[in-house]
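Q: I would like to learn how to read a structure feature by feature. Can we work through one together?

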Amino acid sequence: MAASSATKNWLYLFCITLILCIELTQCIVTYDKKSLIINGHRRILFSGSIHYPRSTPEMWQDLIQKAKDGGLDVIDTYVFWNGHEPSPGNYNFEGRYDLVRFVKTVQKAGLYMHLRIGPFVCAEWNFGGLPVWLKYVPGISFRTDNEPFKNAMQKFTTKIVQMMKDEKLFESQGGPIILSQIENEYGAESHAFGAAGHAYLTWAAKMAVGLNTGVPWVMCKQDDAPDPIINTCNGFYCDYFSPNNKETKPTMWTEAWSGWFSDFGGPIPHRPVQDLAFAVARFVQKGGSFTNYYMYHGGTNFGRTAGGPFITTSYDYDAPIDEYGLLRQPKYDHLKELHKAIKSSERAILSADPAFVSLGTYEQAHVFSSKAGGCAAFIANYHLNSSTTVTFRKKHYTLPPWSISILPDCKHAVYNTAQVGTKTSLINMLPTNVNRLAWQTFSEDVSTVDSDSKMTVSGLLDQVSVTRDASDYLWYTTSVVINPSELHRGSSPSLSVESEGHALHVYVNNQLIGSAFGGPESRKVKVTGNANLRAGTNKISLLSVAVGLQNNGPHFELWKTGVLGPVVLHGVGKGSWDLSRQKWSYQVGLKGESMNLAAPTGISSVDWTESSLVAQMNRPLTWYKAYFNAPQGGEPLAIDMKGMGKGQVWINGQSIGRYWTIHGKGSCNVCNYAGTYRPVKCQTRCGVPTQRWYHVPRSWLKPTQNMIIMFEEIGGDPSTVSIMKRTFK
Ligand code: GAL
């Protein structure tokens with residue numbers, strides 16, 4: 001019943017909007033220097049990024065409703081090209097990639113939409129959202145004045161715009177989309193590309209505008225955004241920002257960073273809400289009229305969608321809605337109150353330009369006052385440590401350090417950015433009855449790797465050029481023939497292998513001689529180990545592992561991954577023996593991957609072994625399988641991987657993502673956020689796994705017989721794996 005009355009309401013709203021659009025031709029989005037103008041009205045808009053593939057369709061409605069309840073007007077998302085076109089011309093708009101369903105869910109909630117098409121998106125997403133196959137289009141060069149790139153970009157952008165038009169989703173058609181973005185933070189890059197960069201940017205702007213969506217386009221961090229495109233700000237603070245042609249353009253903030261992403265091997269960054277609220281109030285008091293929180297819900301990098309390298313599977317981002325869809329307090333409530341206070345000042349803000357009034361060395365007021373709009377004031381204390389009392393229009397106001405009070409009537413302070421009323425929620429992971437799983441195992445056989453390889457060439461190849469990113473794993477194998485005379489008595493030959501990243505396991509005669517892992521500071525790795533050579537033929541097998549592809553930087557598509565050498569044997573015969581240029585065989589992926597073990601259809605293709613828990617421990621390159629019944633209740637679920645090492649995990653064929661329990665290195669004892677450009681000094685999880693819990697969406701479970709598959713790369717203790725409920729206390 002509730003659903004059908006909601007549908008009726010929505011239909012009613014939709015019809016009214018449509019009638020208004022058709023009869024009064026009011027359905028347009030324009031702008032002036034103050035703000036976006038929707039159907040003739042200037043608006044102060046709060047927006048939040050929720051990336052549709054970072055949650056499940058079953059979660060979308062709840063997330064969007066929570067965003068609305070938090071005082072947002074707009075939902076913002078990137079469009080993820082590599083998810084939509086996994087191979088040239090093969091499109092995917094299903095499940096988590098059902099973009100139309102997502103936009104319609106936003107519309108049903110009565111919110112607007114900002115569609116950031118990109119199609120380069122950065123976003124800590126694999127390859128910045130561009131398909132890996134695109135790199136292999138002959139003659140292509142990314143994000144510059146290059147015909148193959150421009151053709152592909154235009155084709156995809158046009159497809160997305162047409163799809164939205166066909167469903168009448170632009171505001172000009174009565175739909176929710178009020179804004180679109182082309183490219184992403186190209187400004188700095190365009191300098192690296194010189195004249196070709198400028199030509200590309202001009203082309204991209206013209207191409208986008210030519211698609212006639214009836215709503216404005218933005219380019220973020222693009223000082224020279226060509227008219228009529230609006231240049232917007234991204235950052236922790238944007239009060240210093242003004243768009244080019246500021247007499248005609250509104251001041252917009254497309255990424256107000258609510259926290260920050262995390263890397264495997266790093267700590268978890270936090271941004272205190274006091275600082276975020278201060279930054280937003282500071283932006284609005286200077287005339288900013290559109291603020292988008294990046295992220296409002298960060299979500300999860302399921303599968304191998306995380307970029308980087310080394311971006312964690314969790315993309316929680318310390319956002320107001322946490323990875324699992326729960327409200328993070330006090331962030332959520334404190335921003336909600338901020339939105340309310342600013343909305344009560346909206347008429348004043350939109351009717352006048354702010355007048356600046358100095359109230360002391362660190363104290364100032366910004367006053368919006370006009371006959372038409374009444375009066376609203378923002379009173380600020382910029383001192384980092386001291387509170388102060390100021391006099392404004394003959395009244396006294398006490399302000400904590402680094403804070404702004406909002407006075408919607410220029411008399412009463414209804415909100416202060418540093419005064420938080422809501423209690424902090426603490427993560428509380430509770431056990432369920434899913435523990436002590438009965439595991440079966442299947443081990444990768446290192447000895448058969450080269451017999452399966454399909455490709456042998458001279459020299460070492462870039463990993464992605466061989467795998468085309470079909471797998472994180474690539475085997476490089478070669479052999480060396482050693483004369484007995486070359487093995488001097490008492491000498492211990494060693495092998496050293498250098499890789500561009502991201503992780504490496506080195507085997508000699510099927511025995512592991514060493515592993516190395518890159519991290520946020522350096523992707524490159526080097527293994528040097530005792531080579532254990534014998535007289536005769538020796539086999540060298542290198543397993544190179546990618547942990548997400550580069551997602552930004554000039555010509556990021558040219559960055560190399562994998563073993564590019566040198567690979568050198570030391571202590572054999574005369575000295576160093578460089579193996580880099582000899583014949584190498586290549587095998588893409590693991591045996592278990594080629595047999596599709598993670599899919600419910602693939603499990604029967606191997607003989608799984610049942611063995612004691614002790615025998616199952618610390619086994620590298622091992623697949624694990626078990627079944628479990630779904631835990632009761634409705635709380636979000638996570639799988640606890642604390643006892644495992646590194647690998648991937650699937651449930652009922654759905655990839656939960658990469659896991660890695662490497663510890664967070666860094667400093668966790670300080671939180672001097674105020675005044676710093678990047679308030680990421682507030683950090684947790686130093687000296688413990690950066691990510692221990694991995695989100696298991698409830699909708700991926702059946703009541704009974706859920707199949708869990710893990711692939712463990714370095715060895716762990718599967719008896720510690722369990723399913724937990726996520727709550728806040
Ligand atoms: C921005 C970029 C976003 C995201 C963000 C960091 O520079 O536009 O896509 O990568 O940084 O989370």
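Q: Which of the 15 residues around the ligand come nearest?
A: Keep in mind that this is a predicted model. Around the ligand, the nearest residues are Tyr78, Glu124, Glu185, Glu255 and Tyr317. Polar contacts add detail. Tyrosine 78 has a polar side-chain atom 2.7 Å from a ligand oxygen atom, and glutamate 255 has a polar side-chain atom 2.8 Å from an oxygen atom of the ligand. Alanine 123 takes part through its backbone: an N or O atom there lies 2.8 Å from a ligand oxygen.

Q: How many strands form the closed barrel, and in what order do they run?
A: Strands of a sheet pair through backbone hydrogen bonds, in either the parallel or the antiparallel sense. Here 8 strands close into a barrel in the order 4-5-6-7-8-9-10-12, and the pairing is parallel. From one strand to the next, the twist averages 30°.

Q: How many bridges join strand 6 to strand 7?
A: Strand 6 (residues 112-118) and strand 7 (residues 177-182) run parallel and are joined by 5 bridges. To find the register, look at methionine 113, which stands opposite isoleucine 177 in strand 7.

Q: Which strands does helix 4 lie across?
A: Helix 4 (residues 99-108) lies across strand 4, strand 5, strand 6 and strand 7, at about 150° to strand 6. Helix 6 (residues 187-209) can be read in the same manner: it lies across strand 7 and strand 8, at about 155° to strand 8.

Q: Why does the end-to-end distance of helix 5 agree with its number of residues?
A: Helix 5 (residues 147-166) has 20 residues, which at 1.5 Å a residue should span 28 Å; the end C-alpha atoms are 28 Å apart, so the two agree. Helix 8 (residues 331-344) offers another case: its 14 residues reach 20 Å from first C-alpha to last, close to the 20 Å expected.

Q: Which residues of helix 5 are buried, and what covers them?
A: An α-helix has 3.6 residues a turn, so residues three or four places apart point the same way. In helix 5 the buried residues are Phe149, Lys150, Ala152, Met153, Phe156, Thr157, Ile160, Val161, Met163 and Met164. Their cover includes helix 3, helix 4, strand 6, strand 7, helix 6 and strand 8. In helix 8, the buried set includes Leu335, Leu338, His339 and Ile342.

Q: What caps the N-terminal end of helix 5?
A: Asparagine 146 does, with a side-chain oxygen 2.9 Å from the backbone nitrogen of phenylalanine 149. After helix 5 comes lysine 168, whose phi is positive, near 55°.

Q: Is histidine 297 buried or exposed?
A: Histidine 297 counts as buried because its relative accessibility is 0%, and buried means under 20%. This residue is in strand 12 (residues 290-297). Its side chain reaches the backbone oxygen of aspartate 322 at 3.4 Å, and a polar atom of that side chain lies 3.2 Å from the backbone oxygen of glutamate 323. Beyond its neighbours within four places in sequence, histidine 297 has contacts that include Ser49, His51, Arg54, Met59 and Gly325.

Q: Where does antiparallel pairing involve strand 31?
A: Strand 31 (residues 583-588) pairs antiparallel with strand 22 (residues 455-458) over 4 bridges, and methionine 455 has tyrosine 586 as its bridge partner. Strand 23 (residues 473-482) is also joined to strand 31 by 4 bridges, running antiparallel. There leucine 474 is partnered by valine 588.

Technical notes: Residues numbered from 1 in each chain as written. Predicted model: local features only at pLDDT ≥ 70, side-chain atom pairs only at ≥ 80, totals over all residues. Heavy atoms only, no water. Helix = DSSP H or I, 4+ residues; strand = E, 2+ residues; numbered from the N terminus. Buried < 20%, exposed > 50% of the residue type's maximum accessible area, 1.4 Å probe, protein only. Polar contact = N/O pair within 3.5 Å; in protein donor to acceptor, adjacent residues only side chain to side chain. Contact = heavy atoms within 4.5 Å. Expected span 1.5 Å × (residues − 1). Pairing = 2+ DSSP bridges. Axes fitted to C-alpha atoms, helices over the stretch in contact; angles between N-to-C directions. Near = heavy atom within 4 Å.
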